[in-house]
Amino acid sequence: MKYDWKDLENNTSYFYREQDGLIVAQVHNVAHTKIWIAKGLPNGMPDEKYLGQFITLDFAKKAVERWIGIQDRTLMDMS
């Protein structure tokens, strides 16, 4: 599957599937500090998977991309 980032104002970025626009992860800034939080949404479900706190936006995005890569190789799509 192909994925892409949608960067929005308010220091938030969404990682989504290009096929259907489903948001699969999010990266956001904590209260205008230098800390970034990465969260995954397994199979687009509302249960969030906390991926960690990161020092830069790039590290947080790389963590999301790695997590999605692992999910794509280990989970079956039940749709």
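What percentage of the 79 residues in the protein chain is made up of buried residues? Buried residues account for 34%. The model shown in these views is predicted.

**View 1. Overall fold of the protein chain.** The protein chain holds one helix and five strands. Read from the N terminus, the elements follow the order β-β-β-β-β-α. About 5,600 Å² of the protein chain is exposed. Carbon and sulfur atoms contribute 53% of that exposed area. Take the contacts between residues at least 6 apart in sequence: 21% of them link residues at least 24 apart.

**View 2. The open sheet.** Five strands make up an open sheet, ordered 1-2-3-4-5, with antiparallel pairing. Strand 1 (3–8) and strand 5 (49–54) are the edge strands, and each pairs on one side only. From one strand to the next, the twist averages 15°. Strands of a sheet pair through backbone hydrogen bonds, in either a parallel or an antiparallel manner.

**View 3. Pairing of strand 2 with strand 3.** Strand 2 spans residues 12–17 and strand 3 spans residues 23–29. The two run antiparallel and are joined by five bridges. One residue to locate here is Tyr14, whose bridge partner in strand 3 is Gln26.

**View 4. Surroundings of Ser13.** Ser13 belongs to strand 2. Its relative accessibility is 4%, so Ser13 counts as buried; the cut-off for buried is under 20%. The side chains of Ser13 and Asp7 are joined by a polar contact of 2.6 Å. Neighbours within four places in sequence are left aside in the list that follows. Ser13 is then in contact with Trp5, Lys6 and Asp7, with Ala25, Gln26 and Val27, and with Leu57 and Lys61.

**View 5. Surroundings of Tyr14.** Tyr14 also sits in strand 2. Is Tyr14 buried or partly exposed? Tyr14 is partly exposed, because its relative accessible area is 24% and buried requires under 20%. With neighbours within four places in sequence left aside, Tyr14 is in contact with Asp4, Trp5, Lys6, Leu8, Ile23, Ala25 and Gln26. Gln26 in this list is the bridge partner of Tyr14 in strand 3. A separation of 9.9 Å lies between the C-alpha atoms of Tyr14 and Ala38, which are 24 residues apart along the chain.

Note on methods
Residues are numbered from 1 along each chain as its sequence is written. This is a predicted model: local features need pLDDT of at least 70, side-chain atom pairs count only at pLDDT 80 or more; totals for chains, interfaces and linings use all residues. Side-chain values use heavy atoms; hydrogens and water are left out. Two strands pair if DSSP finds at least two bridges between them. Helices (H or I, at least four residues) and strands (E, at least two) are DSSP runs, numbered from the N terminus. Axes are lines fitted to C-alpha atoms, for helices over the stretch in contact, and angles run from 0 to 180 degrees between N-to-C directions. Buried means under 20% relative accessible area, exposed over 50%, partly exposed in between (1.4 Å probe, protein chains only). A polar contact is a pair of N or O atoms within 3.5 Å; within protein, one must be able to donate a hydrogen and the other to accept it, and residues adjacent in sequence count only if both atoms are side-chain atoms. Contact means heavy atoms within 4.5 Å. Accessible areas come from the Shrake-Rupley method with a 1.4 Å probe; for residues, only the protein chains shown count as cover.
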